[in-house]
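Please open the model in your viewer and keep the sequence panel beside it, since each stop on this tour begins with something to select. Take the stops in order, and rotate the view whenever you need to.

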Amino acid sequence: NGASAQEYTAERCKELILNGIGKPDLAVEILDIAPWQPAQQVAERFQQGRVVLVGDAAHTMPPKLGLGVNTAIQSAQNLAWKLAAVLNGAAAPQLLATYQTERHPVGRLASEQSLVGPAASVLTHGSDAKLLPTEKRVPFFSLMAGYRYHSQAVLDEDAGPSSPAEIVLLEKPEELTGLPGTRVPHLWLQRQGQRISTLDLLDGRFVLLAGPAGTPWQTAAPGVAGSLGIDLVAYRLGADGDLLDLEGGWQAKLGMSAEGAVLVRPDGFVAWRTSTLPTSPERRLEQVISSILCRSRVGPPLRPATAEARPLR
């Protein structure tokens with residue numbers, strides 16, 4: 001509103017608080033007053049050697065739309081499982097490079113969107129931030145779940161080449177269909193007589209969802225988990241499986257055949273899917289997960305380096 005920081009005395013701040021709360025008799029004590037200026041910045045790199053940026057250190061933006069905390073939580077979730085996998089020796093250090101590849105475009109878009117439309121001018125008054133025109137606005141749901149990752153931590157056998165520097169937004173973000181690189185879609189299921197969502201299956205492990213005829217995928221999972229040193233749980237959909245789809249929507253929602261499978265990363269994103277059943281599902285699953293973890297070979301867990309010499313580059 002053009003007022004200087006000096007004009008916000010303790011009495012004025014107290015008055016503003018009481019007016020905002022609507023209770024003039026409330027006991028309010030002003031402990032400190034600090035000026036605040038909206039900022040919109042995105043770090044050029046989210047990782048440099050052993051230093052990794054997350055949250056406001058990676059991307060800061062005005063509070064319009066509440067994108068700051070949502071984007072920060074998404075980035076932290078993306079980074080956490082990768083960092084744990086590298087430190088535990090299950091993944092190669094190169095996996096951490098996919099944090100920059102996947103999250104930088106999303107952080108940049110969210111930061112830009114916080115400056116779209118006339119309301120943003122109130123937040124950026126007097127700052128150097130450049131407002132984007134309203135026609136550049138992206139649907140809010142797209143910023144939350146309607147984007148698609150392209151990186152080495154996603155294996156899409158049907159996708160063509162794409163630029164990792166550009167974010168890919170889904171045409172219909174509200175209709176997730178199990179595409180590799182997108183969030184796993186919600187689907188109501190029944191497990192042991194209890195109604196659950198596919199999202200309830202996400203507990204920090206890799207999750208393999210197999211079709212009704214995908215028993216070999218489920219059988220292969222324990223051996224693959226042991227050989228690669230990862231946490232992997234497998235479920236089979238079907239009348240005689242672990243998960244019962246009462247609405248019959250698994251084919252459309254997950255985009256796989258009866259003998260196919262969908263692999264979900266610990267952060268809830270689809271890492272890979274297939275509609276075919278190979279001669280050796282165990283070997284194929286090992287290859288897929290090794291590729292996603294940026295391991296150059298299939299075999300026992302990589303040995304974690306010591307804390308003093310562990311490379312993260």
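Select A258 to begin, and then show its neighbours: leaving aside residues up to four places away in sequence, A258 touches G211, P212, A213, G214 and W250. This is a predicted model, and the distances quoted on the tour are therefore computed from predicted positions. Draw a line between the C-alpha atoms of A258 and P212, and you should find them 5.2 Å apart in space, although 46 residues separate them in sequence. If you colour by secondary structure, you will see that A258 lies in the loop between α7 (250-254) and β11 (261-264). Is A258 buried, partly exposed or exposed? With a relative accessible area of 26%, A258 is partly exposed, because that class lies between the limits of 20% for buried and 50% for exposed.

Now zoom out and show the whole protein chain as a cartoon, in which 8 helices and 12 strands can be traced. Of the 313 residues in the protein chain, 43% are buried. Among the contacts in the protein chain with a separation of 6 or more, 66% are between residues 24 or more positions apart.

The next stop is a set of aromatic rings, for which side chains should be displayed. How many aromatic pairs does a search of the whole structure find? The search finds 6 of them. Select W81 and F206, which form an edge-to-face aromatic pair with 5.7 Å from centre to centre and 85° between the planes. W81 belongs to helix α2 and F206 to strand β9 (residues 206-210), so this pair ties together parts that are 125 residues apart in sequence. Both partners lie under the 20% limit for buried residues: W81 counts as buried at 9% relative accessibility, and F206 counts as buried at 5%.

Then select W217 and W272, another edge-to-face aromatic pair, with 5.7 Å between the centres and 70° between the planes. Here W217 sits in helix α6 (residues 215-228) and W272 in strand β12 (residues 270-274), so the pair ties together parts that are 55 residues apart in sequence. W217 counts as buried, with 0% relative accessibility, and W272 likewise counts as buried at 0%.

Stay with the rings a little longer and select Y147, Y149 and F269, which form one aromatic cluster. These names return at the next stop, an enclosed space inside the model. The structure holds 2 cavities of 30 Å³ or more, and the second largest cavity has a volume of about 30 Å³. To see its surroundings, select Q74, Q77, N78, R103, Y147, Y149, R183, D267 and F269, the residues that line the second largest cavity. Which helix gives the largest share of this lining? Helix α2 (residues 67-87) does, with 3 residues. Colour the lining by residue type, and the residues divide into 3 nonpolar, 3 polar and 3 charged.

Next come two places where a charged side chain meets a ring. Select R12 and Y8, where the charged end of R12 sits over the ring of Y8, 4.4 Å from its centre. Move on to R195, which lies over the face of W188 at 3.7 Å from the ring centre.

From there, select Q192 and look at the backbone. Q192 lies in the loop between β7 (188-191) and β8 (194-197), and its phi is near 50°, a positive value in a residue other than glycine. Q192 counts as exposed, with 81% relative accessibility. Select C294 as well, in the segment after α8 (281-292), where phi is near 65°, again a positive value in a residue other than glycine. Is C294 buried or exposed? C294 is buried, with a relative accessible area of 8%.

For the last stop, select P35, which is found in the loop between α1 (10-21) and β1 (41-42). P35 is exposed, with a relative accessible area of 70%. Add Q6 to the selection, and you should find that the C-alpha atoms of P35 and Q6 are separated by 9.2 Å, the two residues being 29 residues apart along the chain.

Key: Residues numbered from 1 in each chain as written. Predicted model: local features only at pLDDT ≥ 70, side-chain atom pairs only at ≥ 80, totals over all residues. Heavy atoms only, no water. 1 Å grid on protein atoms, 1.4 Å probe; cavity = no way out; pocket = protein on both sides within 12 Å on 5 of 7 lines; lining within 4 Å. Points joined across faces, edges and corners; volume = space filled by probe spheres on them. Helix = DSSP H or I, 4+ residues; strand = E, 2+ residues; numbered from the N terminus. Nonpolar A, V, L, I, M, F, W, Y, C, P; charged D, E, K, R; others polar. Buried < 20%, exposed > 50% of the residue type's maximum accessible area, 1.4 Å probe, protein only. Contact = heavy atoms within 4.5 Å. Phe/Tyr/Trp six-rings, centres within 6.5 Å; stacked < 30°, edge-to-face > 60°. Lys NZ or Arg CZ within 6 Å of the ring centre and 35° of its normal.
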